[in-house]
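Subject: Two-chain model, handover and notes

Dear colleague,

Here is the model we spoke about, with the sequence alongside. My notes follow below it.

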Amino acid sequence: MSYQLYRNTTIGNTLQESLDELIQYGQITPTLAVKVLLQFDKSINQALSSRVKSRLTFKAGKLNTYRFCDNVWTFMLNDVEFREVHEVAKVDKVKIVACDGKSEYAD
Amino acid sequence: MTMSQVTVLKLYNSVVDDVIAGVRDCFLDDGVDEQVLQELKQLWKSKLVASGAMDPAPEPPMQQIPQPPVLQHFQKVNGNNLLSKRGDIGPQTSGQSGVDHGTPAPNMGHPHPVLDPNNKVPVQLTLPAQPSVPGSQPRSFTIQIPASALNGNKLHQVLTGPIINATINLPQPLAATLLQQHINSALAGQQNEYDGGGGGGRSGAAPFSLDGALDSSDDEGSNVGDGSEDAAGDDDEDEDSVEERAEEEEEERDEFGGAEEEPLNSGDDVSDEEPGDMFDTDNVVVCQYDKITRTRNKWKFYFKDGIMNLAGKDYVFQKANGDAEW
């Protein structure tokens with residue numbers, strides 16, 4: 001079982017839109033679409049944990065809101081500076097949704 | 001953060017391939033054709049490219065041409081692009097059409113006012129390709145509109161979202177016919193306003209205008225007679241309608257009462273934050289936490305395996321550590 005939270009990203013949303021279209025055209029069943037999404041969960045979790053090597057640091061001007069519910073942290077940060085070695089990206093607002101990285105469900 | 005962006009493109013491609021390979025058996029078991037699986041891959045990849053979340057690829061890109069969302073295409077169709085395409089077949093550049101008023105328009109984006117308002121001008125429309133339909137191409141066709149309609153953004157008023165939406169799915173000849181009819185009838189109404197049906201040559205383009213005016217005047221004449229009869233009838237009805245009126249008023253009061261009780265709206269929610277502030281953020285990070293610590297108001301975050309969307313661009317990280325004060 002892998003986390004489903006990556007469905008709410010660019011790559012997850014575009015997959016869901018594609019599946020929706022195929023369902024609408026009657027080319028696949030919703031059941032098959034669910035199987036594809038489960039495979040996506042598996043693939044993206046695995047790819048992130050094994051293939052991504054970049055490390056970032058960030059500094060936020062303010063932690064605006066935090067919430068901890070069902071083992072999921074949600075943070076709203078203001079004036080955030082993300083830094084990867086010498087490169088910097090600044091945003092005035094960011095929402096972070098984080099599941100438990102040590103969870104038994106995450107393998 | 002170019003490093004993580006290059007990673008994003010490679011990572012996404014590998015995930016797409018991995019998912020497609022991983023569900024092949026499921027498709028077979030369901031008796032779904034391999035073709036559909038390839039279609040899914042195609043759709044997914046083109047949507048990914050269209051999202052613009054990945055920078056232009058440093059390596060030879062996928063086959064798909066970057067495709068902005070359909071909505072933007074609609075705006076372009078409604079916007080200036082529509083008119084600027086006129087030069088393709090329009091009288092200014094081709095010089096071969098039968099229109100002989102000819103001072104060339106100095107700026108193709110802005111129709112020249114010298115055009116004889118009664119002359120028809122060919123206008124090329126382009127319907128965007130549908131990302132939802134594989135192999136769909138942008139379709140162009142030519143429609144005839146009165147030159148006067150090019151002034152004052154008439155076309156923009158006529159070619160609105162709904163009509164484009166209605167035609168986008170139709171086969172090309174049908175779409176062309178439908179759009180032509182729509183424009184004819186819409187312009188017929190508008191043109192009467194300032195040039196009282198003068199152009200006999202235009203009657204073909206405006207089949208409803210002249211007849212419509214005459215017909216309605218006839219109707220009005222007969223309506224006068226109808227009206228007087230009605231008035232006589234009203235007198236009879238007045239006597240027994242007091243009770244009905246009372247009932248009607250009561251109903252009206254009920255309606256008002258209903259309106260007063262209604263306001264259980266989202267605006268009633270009591271919240272320190274604007275709901276929009278809380279959830280409508282462009283910048284989202286989805287990840288997992290190793291550890292979250294807090295000392296007084298100082299927070300430290302240890303995240304891993306994250307996908308970030310910052311200002312429309314995607315980044316990924318293995319680790320991201322940070323801090324903030326609450």
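How many bridges join strand 4 of chain B to strand 5 of chain B, and do these strands run parallel or antiparallel? They run antiparallel, and twelve bridges join them. Please keep in mind throughout that this is a predicted model.

The barrel

The pair belongs to a closed barrel of six strands, in the order 1(A)-2(A)-3(A)-3(B)-4(B)-5(B), with mixed pairing. On average, neighbouring strands of this sheet are turned by 35 degrees against each other, direction ignored. As background, strands of a sheet pair through backbone hydrogen bonds, either parallel or antiparallel.

Within chain A, strands 2 and 3 run antiparallel and are joined by eleven bridges. One bridge there links Trp73(A) to Ala98(A) of strand 3. Ala98(A) also stands opposite Cys287(B), a residue of strand 3 of chain B. That second link belongs to the crossing between the chains: strand 3 of chain A and strand 3 of chain B (residues 284-295) pair in the parallel sense over six bridges.

The other crossing is between strand 1 of chain A and strand 5 of chain B, which run parallel and are joined by five bridges. Here Lys59(A) has Asp323(B) as its bridge partner in strand 5 of chain B. Back in the antiparallel pair of chain B, Tyr302(B) stands opposite Asn321(B) of strand 5.

Asp323(B)

This residue lies in strand 5 of chain B, which covers residues 313-325. Asp323(B) counts as partly exposed because it has 14 C-beta neighbours inside 10 Å, whereas 20 or more would make a residue buried and 12 or fewer exposed. Apart from neighbours within four places in sequence, Asp323(B) is in contact with Lys59(A) from the other chain and with Lys298(B), Trp299(B), Lys300(B) and Phe301(B) from its own. Between Asp323(B) and Lys300(B) there are 4.4 Å from C-alpha to C-alpha, although they are 23 residues apart in sequence.

Positive phi values

Two aspartates are worth a look. Asp70(A) has a positive phi of about 50 degrees although it is not a glycine, and Asp305(B) also has a positive phi, near 50 degrees. Where are they placed? Asp70(A) lies in the loop between strand 1 and strand 2 of chain A, while Asp305(B) is found in strand 4 (residues 298-310) of chain B. Asp70(A), with 6 C-beta neighbours inside 10 Å, counts as exposed. Asp305(B) has 28 such neighbours inside 10 Å and therefore counts as buried.

Ala311(B) takes a positive phi near 50 degrees as well, in the hairpin of strands 4 and 5 of chain B, which has two residues between the strands. In chain A, Gly26(A) follows helix 1 and has a positive phi near 70 degrees.

Helix 1 of chain A

Helix 1 of chain A takes in residues 10-24. At 1.5 Å a residue, its 15 residues should span 21 Å, and the end C-alpha atoms are 21 Å apart, so the two values agree. The buried residues in this helix are Thr10(A), Ile11(A), Gly12(A), Thr14(A), Leu15(A), Ser18(A), Leu19(A) and Leu22(A). For reading that list, an α-helix has 3.6 residues a turn, so residues three or four places apart point the same way.

The contact between the chains

Chain A gives 55 residues to the contact and chain B gives 57. On the chain A side, the elements that give two or more residues are helix 1, helix 2 (30-51), strand 1 (55-69), strand 2 (72-84) and strand 3 (87-100). By class, that side has 28 nonpolar, 14 polar and 13 charged residues.

Chain B and the core

Chain B has eleven helices and five strands. Of its 326 residues, 25% count as buried. Among the contacts in chain B with a separation of 6 or more, 53% are between residues 24 or more positions apart.

The largest nonpolar core has 58 residues, and those with the most contacts inside it are Leu77(A), Tyr12(B), Val15(B) and Val316(B). Helix 1 of chain B (residues 2-29) gives the most to this core, with nine residues. In soluble globular proteins, nonpolar side chains tend to be buried together.

Regards

Methods:
Residues numbered from 1 in each chain as written. Chains lettered and ligands numbered in written order. Predicted model: local features only at pLDDT ≥ 70, side-chain atom pairs only at ≥ 80, totals over all residues. Helix = DSSP H or I, 4+ residues; strand = E, 2+ residues; numbered from the N terminus. Contact = placed C-beta atoms within 7 Å. Expected span 1.5 Å × (residues − 1). Nonpolar A, V, L, I, M, F, W, Y, C, P; charged D, E, K, R; others polar. Pairing = 2+ DSSP bridges. Axes fitted to C-alpha atoms, helices over the stretch in contact; angles between N-to-C directions. Core = buried A, V, L, I, M, F, W, Y, C linked by C-beta atoms within 7 Å.
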